[in-house]
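Visitor: I'd like to learn how to read a model like this one. Could you walk me through it?

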Amino acid sequence: MNDDLQALQERIERLLQGARRLADENRRLKAELAESREARQRMERRMSEARTRVEAALSRLPALDETLRDAAH
């Protein structure tokens, strides 16, 4: 009977250690996920800003057909 209780106690301890390890890993993964989401949002903002700058630069360029007509004359 005492051996059964000892074995049960050891199994419970292993289960608790596993649960603690999984909880720690879960916290770490949640932090990594939050960091990745923030990095993605920063990258999306930078891409949007770059797109806006490129569009603004393109709008200042003369139209292609005007350039071709001017070159032909």
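Guide: Let's go from the overall fold to the surface and then to the charged pairs. Keep in mind that this is a predicted model.

Visitor: Fine. How many helices and strands are there in the protein?

Guide: The protein has two helices and zero strands. Helix 1 covers residues 2–60, and the features below keep bringing us back to helix 1.

Visitor: What share of the 73 residues is buried?

Guide: Just look at the cut-off here: buried means under 20% relative accessible area. By that reckoning, buried residues make up 1% of the 73 residues. The accessible surface adds up to about 7,200 Å², and carbon and sulfur atoms account for 55% of that.

Visitor: Which residues make the nonpolar surface patch?

Guide: The patch is built from M1, L5, L8, I12 and L16, and its area is about 530 Å². Take L5 as a sample member: L5 sits in helix 1. L5 has 49% relative accessibility, so it counts as partly exposed, because exposed starts over 50%.

Visitor: Now the charges. What's the general idea?

Guide: Side chains of opposite charge can pair when their charged atoms come close. In this structure, a search of the whole model turns up five salt bridges.

Visitor: Which residue does R27 meet in a salt bridge?

Guide: R27 meets D24, with 2.3 Å from N to O. Both belong to helix 1 and are three residues apart, about one turn of the helix. R27 is exposed at 51% relative accessible area, whereas D24 is partly exposed at 44%.

Visitor: And how far apart are the closest N and O atoms of R28 and E25?

Guide: For R28 and E25 the closest N and O atoms are 4.0 Å apart. This pair, too, lies in helix 1 with a spacing of three residues, about one turn. R28 is partly exposed at 42%, and E25 is partly exposed at 35%.

Visitor: What separates R40 and E44 along helix 1?

Guide: R40 and E44 are four residues apart in helix 1, so about one helical turn lies between them. Their salt bridge has its closest N and O atoms 3.3 Å apart. R40 is partly exposed, with 46% relative accessibility, and E44 is partly exposed as well, with 43%.

Visitor: Which residues do shared salt-bridge partners join into one network?

Guide: That network consists of E25, R28 and E32, joined by salt bridges that share partners. The R28–E25 bridge we just looked at involves two of those names.

Notes:
Residues numbered from 1 in each chain as written. Predicted model: local features only at pLDDT ≥ 70, side-chain atom pairs only at ≥ 80, totals over all residues. Heavy atoms only, no water. Patch = residues over 30% accessible without salt bridge, like charges linked within 9 Å, V, L, I, M, F, W, Y side chains within 5 Å. Areas by Shrake-Rupley, 256 points an atom, 1.4 Å probe, with all protein chains shown as cover. Salt bridge = Lys/Arg side-chain N within 4 Å of Asp/Glu carboxyl O. Buried < 20%, exposed > 50% of the residue type's maximum accessible area, 1.4 Å probe, protein only.
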